[in-house]
Amino acid sequence: MSPAIPLAVAAGLCTAASTTCQRAGALRAPDDGQIDAGLLLRLVRQPIWLLGVVSMVLGFVLQATALHFGSLAMVQPILASELLFVFAYLALANPHLVRRRDGLSAVGMAVGLGAVLFTADPSGGRAAAPSGRWALAGVVGAAVVGVLLLA
């Protein structure tokens, strides 16, 4: 097994912990209704919020390390498991917040991620795409942006 897989799972765990810790810290911080530089100072005084920041940085380091050992096509779907870990953290911290349909959705997502990884058989690609494909991607991207701007 490639070391990229456990590293990507660990990165997902860390970024999920970051999300939940920073949310918890923000909820505990004194709220005076202002969004200003003082908000950051109020958040920094929350140890759980700081733990979230440390966890986020560790998640980025683990993600970069996973990408060193594995391709983006393999690592990115595993990183999407972060949402599953957020559900798990929420269920542990506050079981009444997570409903049955949330759990079923998480199971569906896990099955879907597994199916994508199994059927796609992600592997390394080419170092560079042919210039014709870049041109096609640019034209299609510009067309989509143009349509969205008109809408």
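## Leu7 in helix α1

Leu7 lies in helix α1. Helices here are DSSP runs of H or I with at least four residues, strands are E runs of at least two, and both are numbered from the N terminus. This is a predicted model, in which local features need pLDDT of at least 70 and side-chain atom pairs count only at pLDDT 80 or more, while totals for chains, interfaces and linings use all residues. Residues are numbered from 1 along each chain as its sequence is written, and side-chain values use heavy atoms, with hydrogens and water left out.

Is Leu7 buried or exposed? Leu7 counts as buried because its relative accessibility is 19%. The cut-offs are under 20% relative accessible area for buried, over 50% for exposed, and partly exposed in between, with a 1.4 Å probe and protein chains only. Leu7 touches Leu62, Thr65, Ala66 and Phe69, leaving out residues up to four places away in sequence. A contact means heavy atoms within 4.5 Å. Leu7 and Gly70 are 63 residues apart in sequence, yet their C-alpha atoms are 9.7 Å apart in space.

## The largest nonpolar core

Leu7 is one of 11 residues in the largest nonpolar core. The others are Ala4, Ala8, Ala11, Cys14, Leu62, Ala66, Met74, Val75, Ile78 and Leu79. Three elements give two or more residues each: α1 (4-28), α3 (47-69) and α4 (72-79). The largest share, five residues, comes from α1. A nonpolar core is a set of buried Ala, Val, Leu, Ile, Met, Phe, Trp, Tyr and Cys residues, joined through side-chain atoms within 4.5 Å.

Ala4 shows the contacts at one residue of this core. Apart from residues up to four places away in sequence, Ala4 touches Ala66, Phe69, Gly70, Met74 and Val75. An α-helix has 3.6 residues a turn, so residues three or four places apart point the same way.

## Helix α4 and its partners

The buried residues of α4 are Met74, Val75, Pro77, Ile78 and Leu79. These residues pack against α1, α3, α5 and α6 (100-120).

Val9 sits in helix α1. Val9 counts as partly exposed because its relative accessibility is 30%. Outside its neighbours within four places in sequence, Val9 is in contact with Ile78 and Phe85. Pro95 is 86 residues from Val9 along the chain, and their C-alpha atoms are separated by 23 Å.

## Cysteines

How many disulfides does the structure hold? The count is zero. Cys14 is in no disulfide, and its nearest cysteine sulfur, that of Cys21, is 10 Å away. Cys21 is likewise in no disulfide, with the sulfur of Cys14 as its nearest at 10 Å. A disulfide is a pair of cysteine sulfur atoms within 2.5 Å. Cys14 counts as buried at 12% relative accessibility. Cys21 is buried, with a relative accessible area of 12%.

Cys21 is placed in helix α1. Setting aside neighbours within four places in sequence, Cys21 contacts Ile48, Trp49, Leu51 and Gly52. Val44 is 23 residues from Cys21 along the chain, with 12 Å between the C-alpha atoms.

## The largest pocket

The largest pocket has a volume of about 290 Å³. On a 1 Å grid over the protein atoms alone, a pocket is an open set of points with protein on both sides within 12 Å along at least five of seven lines, and a cavity is a set where a 1.4 Å probe fits but cannot get out; lining residues have an atom within 4 Å of a point. Points are joined across faces, edges and corners, and the volume is the space filled by probe spheres set on them.

The pocket is lined by 13 residues, with Thr20, Ala24, Tyr89, Leu90 and Ala93 nearest its centre. Both α1 and α5 (82-93) supply at least two lining residues. The largest share, seven residues, comes from α1. By class, the lining has nine nonpolar, two polar and two charged residues. Ala, Val, Leu, Ile, Met, Phe, Trp, Tyr, Cys and Pro count as nonpolar, Asp, Glu, Lys and Arg as charged, and the others, Gly among them, as polar.

## Val144 in helix α7

Val144 is found in helix α7 (residues 131-150). Val144 is partly exposed, with a relative accessible area of 45%. Ser55 is 89 residues away along the chain, and the C-alpha atoms of Val144 and Ser55 are separated by 36 Å.
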